[in-house]
Number of protein chains: 2
Amino acid sequence: MLNKKLEMLPLKNVKINDPFWNHYMDLVLNQSIPYQWEVLNDRVEDIEPSHCLQNFKIAAGMQEGKFEGMVFQDSDIYKWIEAAAYTLEWHPDKELERKVDEAVDIISAAQQPDGYLDTYYIINGLDKRFTCLMDNHELYCLGHMIEGAVAYYNATGKSKFLDTAIRCVNCVSENIGPEEGKKHGYPGHEIIEMALIRLYKITGDKKHLALAKYFIDQRGQEPLYFLQEMKSNGNSFYWKKSNFQLMYYQAGMPVREQKDAVGHAVRAVYLYSGMADVASETEDKELFDACERLWESIVYRNLYITGGIGSSEYGEAFTFDYDLPNDTVYAETCASIGLIFFCRRMFEITKESRYIDICEQAFYNGTISGVSLDGKRFFYVNPLEVDPEACEKDYHKREVKPTRQKWFACACCPPNLARLLASIGGYAYEENESELYINLYISGDVNTSLGGTDETFHVETRYPWNGDVRIRIKQPQKAAYSIALRIPNWCESYSIRINGEITDCDPEKGYLMLTREFEDGDTIELSMDMPIRLVNANPFVREDVGKVAITKGPVVYCLEQEDNGAQLQELLIDPDSKFVEAFEPDLLDGVMTVSADGYRIAEKEWKKSDLYKSYQKPALIPQKLKFIPYYAWANRSIGEMSVWVRHL
Amino acid sequence: MLNKKLEMLPLKNVKINDPFWNHYMDLVLNQSIPYQWEVLNDRVEDIEPSHCLQNFKIAAGMQEGKFEGMVFQDSDIYKWIEAAAYTLEWHPDKELERKVDEAVDIISAAQQPDGYLDTYYIINGLDKRFTCLMDNHELYCLGHMIEGAVAYYNATGKSKFLDTAIRCVNCVSENIGPEEGKKHGYPGHEIIEMALIRLYKITGDKKHLALAKYFIDQRGQEPLYFLQEMKSNGNSFYWKKSNFQLMYYQAGMPVREQKDAVGHAVRAVYLYSGMADVASETEDKELFDACERLWESIVYRNLYITGGIGSSEYGEAFTFDYDLPNDTVYAETCASIGLIFFCRRMFEITKESRYIDICEQAFYNGTISGVSLDGKRFFYVNPLEVDPEACEKDYHKREVKPTRQKWFACACCPPNLARLLASIGGYAYEENESELYINLYISGDVNTSLGGTDETFHVETRYPWNGDVRIRIKQPQKAAYSIALRIPNWCESYSIRINGEITDCDPEKGYLMLTREFEDGDTIELSMDMPIRLVNANPFVREDVGKVAITKGPVVYCLEQEDNGAQLQELLIDPDSKFVEAFEPDLLDGVMTVSADGYRIAEKEWKKSDLYKSYQKPALIPQKLKFIPYYAWANRSIGEMSVWVRHL
């Protein structure tokens, strides 16, 4: 059975009050959402204008002008609404709601009589709509519209935006589909597939499910739609010199036949998310198997230790198995976010913790690395090794930045990160009628109604710096239900106490299932050993051979020049070192640092004229190595950084 | 005094008969030159037509058609003539001479009444000539014309082609120069500077020296000529996103102020060669100092161990100090050839062996690696590490080929290599009235006239596989002169015997100077220890830290998949290993291979699902490592290759 066995807790039921995550909740509420609103309204001075809401106003006839920005500029406001909607669930804010309503009014005003809504074509000529599904992002924008509309409906019960989205979906249904006379196409940039399933869960309208399924089934079928489209448009193919060709769009073969994660990484994981949704709704085992295979392709062979995916700047794409260069990496923030979407769906179908392990890996590393600690600057590319001089002088590293940037012309990552973080509570807790799954350990209060009564779970933890989690249950009466506690893949030893008593409990699919009659005041204490852990990469990863990474719990560490001096490649770590942890409250908004014994190759043995000389055992100078969490890098001076370090 | 203290022996005085180089002499005579003649005449079927001679015929009105090929297509025939001319010196061939005459007739027929000769502009419109010196290669083509014309004149005494070249130089002089009314420009691709000095040495015409000096002095002066040219052409700048900007052309600042080798590597070393020539002819110490500084920039900080230069495919350019990636390398064959040109000039001025050390490094590695053992295929890019899958699937490595290619649309390297190899005798022996410098150890017979008599030096050696060199002197009478024997930088121990008796002799600037009255039958025996040598790179070279390269004498070795299996990154060498040399006559046309003790990381400890796991000291499986000379790689199956290997 492929039905989803769990769903996210409503965000309003999760009050986060966590020493680690409060900072990010604050960023989302008080930085990202207000700042991005100003950006979308072109009221921020020292960045390129967004034009996003302006395009809607022009399309609505509210002002004159031409379309400006990327062809998918509409999606920025949709993502912003989605993020805002999530926060409204757990942090009601009338003023923010008013802004969203204002945006919804502008968006809806641009809708055409038949439901069509994409400002690029409304402004530039509706006769061309649906003629370049491959590259012009109409269905992508609609996907984001649906996601935003569903989120806002869930948060407020207001249906105006949802109705707008439904009308637009219906317009698409009338133009695209299997029936004769319709275009037999699908989006160049996926997302609408998973969005339609969310819509279907609200509307119950089988048309919405059918359209999602059509997009999945039709993708990559012969005759290849994108080839036909290119031919009829007389377009040349942007990727003609590429290895991936139509697989840039995951559209070179039917999705059920796809075995390797290839092409544009964000598109890939958005597609796979939609595939998992459709497989679940339609009990399509073959499709689910394809999802599992593609997930394994990513996680077994194409995943950075930071949770990053997509190793090539060219096409922002996957390349080939075990090709994970640290310095010419892409690992887009959005791709890690999309990977989380995909993993969550696979988890909800399977209840297997291995999917959430990857979510956690991405949450604590390659997603939040995308934003500076002050919330004002963003990484698009998340490298694992940086030499600032190379970023400047090696053309192939021009997209790798040694410092976060203010705002991008293609501003996908900042709002995407906002919508992810604003909904982290839902990733932390999933439930069904009798089970509460705790996936991420975050302090706060969680409300559920299991076993016929209402519960509040008061969670206390210093995660990710410490593996102790204490859960105190408040509930008016006894009730039987299950609490599933995830034992992360990094955890090799743990103990669990209920009301102070050690309990024996073997994990099932990576979860400790506590099934019993709980009563008010019950206390669960999970204690996970969280030592510093040295990690090796598979020796097929050329770039990491002979190196280790330092991790603690889910957190990946790195060396920065600021703490360790330049020429990080000269450093070696002693794997038998004592590793000293220290929580430094004033460093990087409070981080656990790690010190270890290491060495530096003695430069003094090299004269300026010696580029090569006869081998001699390198003279090593002892040096303490200081590691900081990867997510917090590039928040001080600009300098070198490296996740992987050579070992003795 | 910056005058050149030595000059190459005339090639006709050097008869090579050498177990190593005979093969390449044979390739040049019997493969390169005949094959390239067919190519230039568009008579080779399975490659893109060259159009080279066809363009000349069209320009001469001998046939109809339009210009085809690169804007610098003319240079291919000039390079071919130069190569042919060199062979005619040491291997007279009437039929080849007839072909050259035929080419010269066609070329000369295209010359315009005022001496102008560049088929691109003759065919496309002479009104545009000299309007795009930055990119359109007129002066580059003329530079090659001069080089070819001088070489052919030297070989045959025939002056027709030389006269053609002189007329064209005079035409340039009338259009470009410091005088009012002339263009104050210089070439975008250098070479004419050094070519003009060669011409000047024959003509004695001060105008030719003055033009070379003008091109050097004017380069990079404010107002920047190329900026003016772009402005007046309304051209956009191809390199506008680059770090190097006008320094792609070494034209962003006056050459005397340049401290770092930057920009397009071939252009750079061609310029520096011309600078050295002009510095020498004009006793310009400041200019010479710039040459020395730039040479040190290359050799101390920007040189691959193979003699390759220019680490970036983008712009075929230098990047920054110590940036020497092995897998995204460029290291164009032509750039190593140009480096040899530059080094030879610096040597002739200084008599310092360090310049010839670099020539030797390039000769035995990064130049001849450009051609397959059968002479039919060529590398443009000479990588130090190759994974064929990456070449195919990583867009940034698309120019790195795992196997040599038949012929390039931009066919600079094959004819350039031919002209270099055809003149290797001149690189091996330089002389003045009283000294013979032996720079490269090559078996054969060498004729000179030193100390008032004629000598023949009969040289026997198995170099580069063995460091013993035996020189037997034949001369009719006693004569006093000096023989300078280069002690290469890799040689740590040697002995010298004259007529069997050990002689004490300290090297001067890297040469053993044997100065005495020689007589018929004298025998000199130089015995250089040539053990296997492990080499380290400066730890500033990030990619080579923790690795060694294997060398023997001047030859750099590499690992190939064919001998060592795939996943070369899993291999480790034991630096304390016994290294076993074996000459394998049937392998790769006869090479000395090297075996060493090493290890391979045990893959079996890794499950398919393990991309990362907790560190454990890697299990190592003993494995013999087999190294072959780098120049001979990629002559068997397509597979991985690596010069650098990790050490225990």
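Biologist: In which sense, left-handed or right-handed, does helix 11 of chain B cross helix 12 of chain B?

Modeller: In this predicted model, helix 11 of chain B passes helix 12 of chain B in a left-handed crossing.

Biologist: What makes helix 11 of chain B roughly antiparallel to helix 12 of chain B?

Modeller: Helix 11 (residues 265-282) and helix 12 (residues 285-301) of chain B pack at about 150 degrees, their axes 8 Å apart. Angles over 145 degrees count as roughly antiparallel, so helix 11 of chain B is roughly antiparallel to helix 12 of chain B.

Biologist: How many residues of that contact between helix 11 and helix 12 of chain B are nonpolar, polar and charged?

Modeller: The contact has 12 nonpolar residues, no polar and no charged. Among them are B:Val269 and B:Tyr272 of helix 11 of chain B, and B:Leu287 and B:Phe288 of helix 12 of chain B.

Biologist: Now to chain A. Why is helix 3 of chain A called roughly parallel to helix 16 of chain A?

Modeller: Helix 3 (residues 74-90) and helix 16 (residues 413-421) of chain A pack at about 25 degrees, with axes 8 Å apart. Angles under 35 degrees count as roughly parallel, so that word fits helix 3 and helix 16 of chain A. Their contact has 4 nonpolar, 1 polar and 4 charged residues.

Biologist: How do you know that strand 10 of chain A and strand 15 of chain A pair?

Modeller: Pairing needs at least two bridges, and strand 10 (residues 468-474) and strand 15 (residues 523-528) of chain A have 5, in the antiparallel sense. In one of them, A:Asp468 has A:Ser527 as its partner.

Note on methods. Residues are numbered from 1 along each chain as its sequence is written. Chains are lettered from A and ligands numbered from 1 in the order in which they are written. This is a predicted model: local features need pLDDT of at least 70, side-chain atom pairs count only at pLDDT 80 or more; totals for chains, interfaces and linings use all residues. Side-chain values use heavy atoms; hydrogens and water are left out. Axes are lines fitted to C-alpha atoms, for helices over the stretch in contact, and angles run from 0 to 180 degrees between N-to-C directions. Helices (H or I, at least four residues) and strands (E, at least two) are DSSP runs, numbered from the N terminus. Angles under 35 degrees count as roughly parallel, over 145 as roughly antiparallel, 65 to 115 as roughly perpendicular and the rest as oblique. Ala, Val, Leu, Ile, Met, Phe, Trp, Tyr, Cys and Pro count as nonpolar, Asp, Glu, Lys and Arg as charged, and the others, Gly among them, as polar. A crossing is left-handed if the near helix is turned anticlockwise from the far one by less than a right angle, and right-handed if clockwise. Contact means heavy atoms within 4.5 Å.
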